[in-house]
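Here is a short report on one protein chain. Keep the viewer open while reading.

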Amino acid sequence: KDEQILRYPFEGVGGVTLLNSDLWRLDEGEFLNDTVIEFGLKHMLEKIKGSNPELASQIHLFSSFFYKKLTEFGDRSEKGREKGYNNVKKWTNKVNLFEKRYIVVPINEYLHWYMAIIVSQSYGSRGQASTQGSPSSPRSRQHGKERGMPEDETLVIVFDSLQSSHGAVKTVMRDYLWLEARDKGQLRDPERNTRETAKVLHVDANVPIQPNHCDCGIYLLHFFDRFFSDPEAFTKLAWVSKVGRRRAEKSDSSQWNPELVPTRRQEWRTTILELSEEWKVKRAAEEQEKQERKRRMKKEQHQQHPSPRGLRSGLNHETREGEDDHDD
């Protein structure tokens, strides 16, 4: 039976529901589906919230359906961009993307998973509290100059385990950010053209290549995990790979720890099964409490409002006692 085995996170809105059928997606040779990708990203973000809440507050994670809805019409004209933006405009009603340093966009195209992370190099300059070592601090800016890192431009870093180039993603996300800024009142001059106002650079990160046709989703989750273990360092590593391509050299992809990827499927399966047991115990306890609450309410209602049958029974008893007194 294809039953629900987990809802994660356990509390709050936006939880991911996993079924039994989602588990076999973690078998060797199978493609990960959107449910497993969503779960994996949310689970890692929850872990970051526990270990580094300041970093977690700088991250916005989009659904795996975001990019698909944004590009649904396949029309890059001004009208087409507007239609695509209108598809997802309400997705950020409760969040200000321009207060985030990292925006994560999982993408599936032609049965292939890859990921874009938008990095705001000017984070902290729009009124937010700057964090030590952020690109907006003098020390980090100086270090960025030494490394050739841009100071104010937004980076769209693409992580693809097939190492394909995705310049179109940069264009799509640049246009999206401009439309989002215009819609949310973040533009100083809404009439100026997108290309004139948006400083967005495209970077294809030099990441390990998958050895087969099916592990793209596993690599996506692995890249997210590694990147946010030290986002500043991996941003610089990705930038070095961009500069390195110009110089006919590449950064060392071994820093992404590709030797860990073969064990990831089993690790994710174990994580899901362990959380599933916790969730089932929690759900059973909540159901038991719900039933206990219903019984208490029913008992209280019965005490406050006795049934007509009970009243008749009491009346008959009093009548019989009166008859007995009369006979005496």
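## Helix α5 and its cover

The cover over the buried residues of α5 includes α4 (66–70) and α7 (167–183). This is a predicted model. Helix α5 spans residues 78–88, and its buried residues are Gly80, Gly84, Tyr85 and Val88. These residues sit on the same side of α5, because they cover an arc of only 135 degrees around the axis. An α-helix has 3.6 residues a turn, so residues three or four places apart point the same way. The face turned away from the buried side of α5 carries Glu78 and Lys79, both exposed.

Take Glu78, which belongs to helix α5. Its relative accessible area is 57%, so Glu78 counts as exposed, the cut-off being over 50%. Glu78 and Asp175 are 97 residues apart in sequence. Their C-alpha atoms are 9.6 Å apart in space.

## Tyr176 in α7

Is Tyr176 buried or exposed? Tyr176 is buried, because its relative accessibility is 1% and the cut-off is under 20%. This residue lies in helix α7. Leaving aside residues up to four places away in sequence, Tyr176 touches Phe62, Phe66, Leu70, Tyr85, Val88, Thr92 and Leu97. Two of these contacts, Tyr85 and Val88, are also listed among the buried residues of α5. Leu70 is 106 residues from Tyr176 along the chain, yet their C-alpha atoms are separated by 8.2 Å.

## The chain as a whole

The chain has 328 residues, and 42% of them count as buried. Its secondary structure comes to 12 helices and seven strands. Among contacts with a separation of 6 or more, 71% join residues 24 or more positions apart. The chain exposes about 18,700 Å². Carbon and sulfur atoms supply 48% of that area.

## Where α9 meets α11

Two packed helices are described by the angle between their axes and the distance between the axes. Helix α9 covers residues 216–227, and helix α11 covers residues 264–304. Their axes come within 10 Å and cross at roughly 80 degrees. The angle therefore makes α9 roughly perpendicular to α11.

Which residues of α9 and α11 meet? From α9 come Ile218, Leu221, His222 and Asp225. From α11 come Arg264, Arg265 and Trp268. The residues of this contact divide into three nonpolar, one polar and three charged.

## Backbone exceptions in loops

Most residues other than glycine have a negative phi, and most peptide bonds are trans. Three loop sites depart from those patterns. The table gives the backbone angle and the loop for each.

| Site | Backbone angle | Loop |
|---|---|---|
| Tyr8 to Pro9 (cis peptide bond) | omega near -5 degrees | Pro9: between β1 (4–8) and β2 (16–19) |
| Leu111 | phi about 65 degrees | between β4 (102–109) and β5 (112–120) |
| Asn257 | phi near 55 degrees | between α10 (231–246) and α11 |

Leu111 is also exposed, because its relative accessible area is 68% and the cut-off is over 50%. Neither Leu111 nor Asn257 is a glycine, and each has a positive phi.

Methods
Residues numbered from 1 in each chain as written. Predicted model: local features only at pLDDT ≥ 70, side-chain atom pairs only at ≥ 80, totals over all residues. Heavy atoms only, no water. Helix = DSSP H or I, 4+ residues; strand = E, 2+ residues; numbered from the N terminus. Buried < 20%, exposed > 50% of the residue type's maximum accessible area, 1.4 Å probe, protein only. Contact = heavy atoms within 4.5 Å. Areas by Shrake-Rupley, 256 points an atom, 1.4 Å probe, with all protein chains shown as cover. Arc of directions from axis to C-beta. Axes fitted to C-alpha atoms, helices over the stretch in contact; angles between N-to-C directions. Parallel < 35°, antiparallel > 145°, perpendicular 65-115°, else oblique. Nonpolar A, V, L, I, M, F, W, Y, C, P; charged D, E, K, R; others polar.
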